[in-house]
Amino acid sequence: MLYSYLWSFMWLLAIACARPPPKVDERNDKPPRGFPLPLNKKNFEVELSNGFHLVEFYSPYCSHCKNLAPIWEDTWVSFREEGKKLNMKLSQVNCVESGDICHKEDIRAYPTIRLYGPDGFLEEYHGKRTKEEFLKFARKSIMEYGDTDDLILPSLSKLLSGKDFSQLISGKSTKPMLVSFWPTSDMQEDSSVETKFNNCPKCEIYQRKWNLINNAVDGLGVDSGHLNCGSEQNLCERLGFADLASSAKSGGNVKPRLALIIPKKVTNNLFIYPEGQDVSNQADVLDFIKRISVNSEAAEISESEIIDYSRNSMPLFSEFVHTNAKKVHSGQNIYIIFCYNHKTVVPEDFTILEHLVEPLASRPNTYLRKFNGTIPELTKKVYDPFYQVVNYNDSEPRKELNEEFQTMAAVTEYPTFLIIKEGELQTHVFNGFSTTEMRNLDTILDWIDDTIVPSLPKLTWDNFEEMLNVNPSKYRTMAILLMSTKWEYDDKVNAAQKFFTSFLDYEHVRMQKMFEIVQQERLKKANAIEKMREKQENTKNILAKMRQEISHPNDRKVQYMYLDLAKDERLLKRLGVHNANIAPNQVLLIDKARKTLYAENHFEERLTGKDTYGIREALLSINIPEKCQLSTILRAQHLKIKLQKKIKIPHVKVSNGSNSNILYFFAILLLLVLLRKSPVYRMVSRKWHSHRASYQANTSYSKLEAQD
């Protein structure tokens with residue numbers, strides 16, 4: 001009896017304590033009054049077509065999303081009135097209730113925060129998830145993407161004296177400072193107040209733009225100031241702005257200049273905005289500031305962050321997911337990482353980073369970082385997904401990382417440099433073996449320029465010549481995927497992913513070939529040393545041979561890229577390709593050395609992005625024929641292209657081309673026989689013999705006369 005009472009009591013207690021199942025959009029607290037409901041399938045596109053939207057894609061079951069909820073609501077409250085003036089809203093999408101939207105927008109993690117404009121997706125937010133950072137990003141985005149002609153904002157720029165500037169240069173500031181220099185003595189504390197400029201026709205326009213720029217840079221955590229060169233003539237002359245100082249006094253057609261000062265540094269802390277670039281181009285100015293600021297700090301990076309960068313989605317996929325994008329990813333981010341051992345590094349080793357900041361400012365999407373760790377273990381982890389991707393063909397033996405090759409490729413003295421390209425799943429190590437090499441700026445920049453060639457850049461009419469002439473001694477071939485932002489989403493992404501797989505698959509074979517070449521050279525060296533010992537040569541000569549370094553080749557690379565037919569279809573005519581012959585997702589291969597184009601695989605079928613194996617075999621047939629598994633010959637088309645550098649084609653034995661050489665020989669022989677039997681040949685032959693007999697008779701007569 002007692003047992004039954006206890007059992008009933010336990011059931012009642014369980015029912016009383018039980019919580020109802022959570023709702024799909026459960027929040028810890030009630031949202032503020034007026035807080036908008038999440039967008040759904042019915043209103044998503046309509047709502048986003050009006051003005052600008054910072055959209056949070058979230059899952060109600062995600063712990064990070066729950067932590068973000070009060071911060072997002074607080075940001076909405078603070079920005080609500082300002083947003084009305086800027087024509088920008090904060091919106092949300094619940095990816096559980098509206099999964100179709102999140103699938104279409106390729107949302108892969110929660111929360112994901114993205115900026116949209118009237119024309120579609122603009123960019124993804126990667127900053128800190130705080131109210132202050134969200135507000136800065138929103139204001140900066142309006143400066144960058146919005147119609148700023150009628151936008152009235154208070155100036156955030158401070159009037160600087162020569163003394164103020166000297167303090168900034170001496171490293172006493174706590175934040176980066178963007179300074180504008182003007183050909184006048186009259187600009188006031190408020191830089192937006194109308195100022196009279198002599199002999200500077202566009203200075204009034206530049207002044208309005210400066211007001212927008214100093215608001216935009218505030219979103220990047222950068223202060224701004226303005227300086228009158230008419231009042232600080234000596235200072236401006238020392239900075240190389242003598243024309244601004246003289247114009248303010250006597251006249252001259254000039255324009256203002258910009259400079260960025262990095263805080264907490266007393267050397268290598270002043271970076272002048274390139275004279276040839278437009279100081280009113282807000283996007284270029286912001287990019288200059290962002291890159292200089294980030295690279296000057298060269299922040300520490302963890303092993304997990306490096307691995308994440310290597311696995312990020314390619315910019316190519318972003319563009320073809322967001323077909324109406326005004327701006328997607330400006331390019332593939334490339335991380336140049338200074339690798340060191342904290343036990344052996346000395347302060348002088350870090351000096352090279354300061355000297356790299358300015359030259360990297362002219363190399364797009366390059367970012368400096370520091371990493372305290374070892375490269376071999378990191379390399380293995382980076383390559384794990386690489387080999388998951390390339391093992392797509394069950395009919396081939398399983399491909400694995402050649403640890404001996406990777407060890408060889410990573411052999412270096414510390415400190416050194418490592419390059420990671422976003423989404424490429426590979427590492428690139430600077431093989432330095434002395435302190436001299438690591439402190440030689442030219443040597444490192446040469447290596448950087450050879451290595452930072454983007455993995456899948458966009459080929460356009462404007463950059464075609466530049467792409468064609470990218471280090472042809474190492475990048476001999478171009479593989480071009482023809483796509484269009486107007487085609488169906490699934491088909492585009494599938495072809496792009498398989499095209500990228502062929503890139504990794506070819507790289508696997510190429511790396512194996514590079515390793516084989518080194519092994520062959522090592523064997524030659526060992527045999528040579530053995531023969532020298534057998535001949536009992538001088539010990540000094542033997543030691544010299546033993547110390548002889550074996551170079552590690554890194555050529556026969558392929559430039560993978562894509563061409564958007566919706567924007568640059570005319571480029572096909574430049575290549576001699578007729579539009580009627582183009583199929584969706586077709587691939588064109590260009591052999592820059594032989595100036596030939598290939599559009600078919602070994603089976604005389606059109607090469608497409610989905611033909612992963614066919615692309616790899618075609619590239620091997622061109623670059624590493626001894627590794628090609630197919631024996632038929634690719635059909636080629638001659639191209640009229642010009643290269644700045646002559647390409648030396650390495651001598652290789654092409655087993656699958658020997659039949660072709662025999663055919664050419666017999667064809668020429670047959671042509672000569674046919675010509676000999678033709679009437680034209682007989683007529684030319686008679687005339688030639690007649691002229692020859694006449695010439696010989698005249699020569700004999702001349703000799704007889706000379707004897708007489």
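**A walk through the predicted model**

Leucine 425 sits in the loop between β12 and β13. The structure is a predicted model, and in it the phi of leucine 425 is near 65°, a positive value in a residue other than glycine. Most residues other than glycine have a negative phi, and most peptide bonds are trans.

The second half of that general statement has its own exceptions here. Tyrosine 414 and proline 415 are joined by a cis peptide bond, with omega about 0°. Proline 415 belongs to the loop between α15, residues 403-409, and β12. Another cis peptide bond runs from tyrosine 110 to proline 111, where omega is near -10°. Proline 111 is found in the loop between α4 (99-104) and β3 (112-117).

Strand β12 leads to the sheet of which it is a part. This is an open sheet of 4 strands, in the order β11-β10-β12-β13, and its pairing is mixed. At the edges stand β11 (366-372) and β13 (428-429), each of which pairs on one side only. Within the sheet, β10, residues 334-340, pairs with β12, residues 416-421, in the antiparallel sense over 6 bridges. In this pairing isoleucine 334 stands opposite lysine 421 of β12. Helix α13, made up of residues 351-360, packs on the sheet and touches β10, β11 and β12. The direction of α13 makes about 160° with that of β11.

Helix α13 also has a helical partner. It packs with α17 (residues 441-451) at an angle of about 50°, and the two axes are 11 Å apart. Angles that are neither under 35 degrees, over 145, nor from 65 to 115 count as oblique, and α13 and α17 are therefore oblique to each other. The crossing of α13 and α17 is right-handed. On the α13 side, the contact is made by Ile352, His355, Leu356, Pro359 and Leu360. On the α17 side, the residues are Leu441, Ile444, Leu445 and Ile448. By class, this contact of α13 with α17 has 8 nonpolar residues, 1 polar residue and no charged ones.

A second helix pair lies earlier in the sequence. Helix α5, residues 131-145, packs with helix α7, residues 203-218, at an angle of about 150°, and their axes are 8 Å apart. An angle over 145 degrees counts as roughly antiparallel, so α5 and α7 are roughly antiparallel to each other. Their crossing is left-handed. Lys136, Lys140 and Met143 of α5 meet Leu212, Asn215, Ala216 and Asp218 of α7. The contact of α5 with α7 divides into 3 nonpolar, 1 polar and 3 charged residues.

How far the coordinates can be read is a separate matter. The mean pLDDT of the protein is 81, and 80% of its residues reach 70 or more. Over residues 321-329, however, the pLDDT is below 50, and this stretch has 29 contacts in the model beyond near neighbours in sequence. The pLDDT is also below 50 over residues 643-662, a stretch with 24 contacts in the model beyond near neighbours in sequence. Where pLDDT is low, the predicted coordinates should not be read in detail.

Methods: Residues numbered from 1 in each chain as written. Predicted model: local features only at pLDDT ≥ 70, side-chain atom pairs only at ≥ 80, totals over all residues. Heavy atoms only, no water. Axes fitted to C-alpha atoms, helices over the stretch in contact; angles between N-to-C directions. Helix = DSSP H or I, 4+ residues; strand = E, 2+ residues; numbered from the N terminus. Left-handed = near helix turned anticlockwise from the far one by under 90°. Contact = heavy atoms within 4.5 Å. Nonpolar A, V, L, I, M, F, W, Y, C, P; charged D, E, K, R; others polar. Pairing = 2+ DSSP bridges. pLDDT = per-residue confidence, 0-100.
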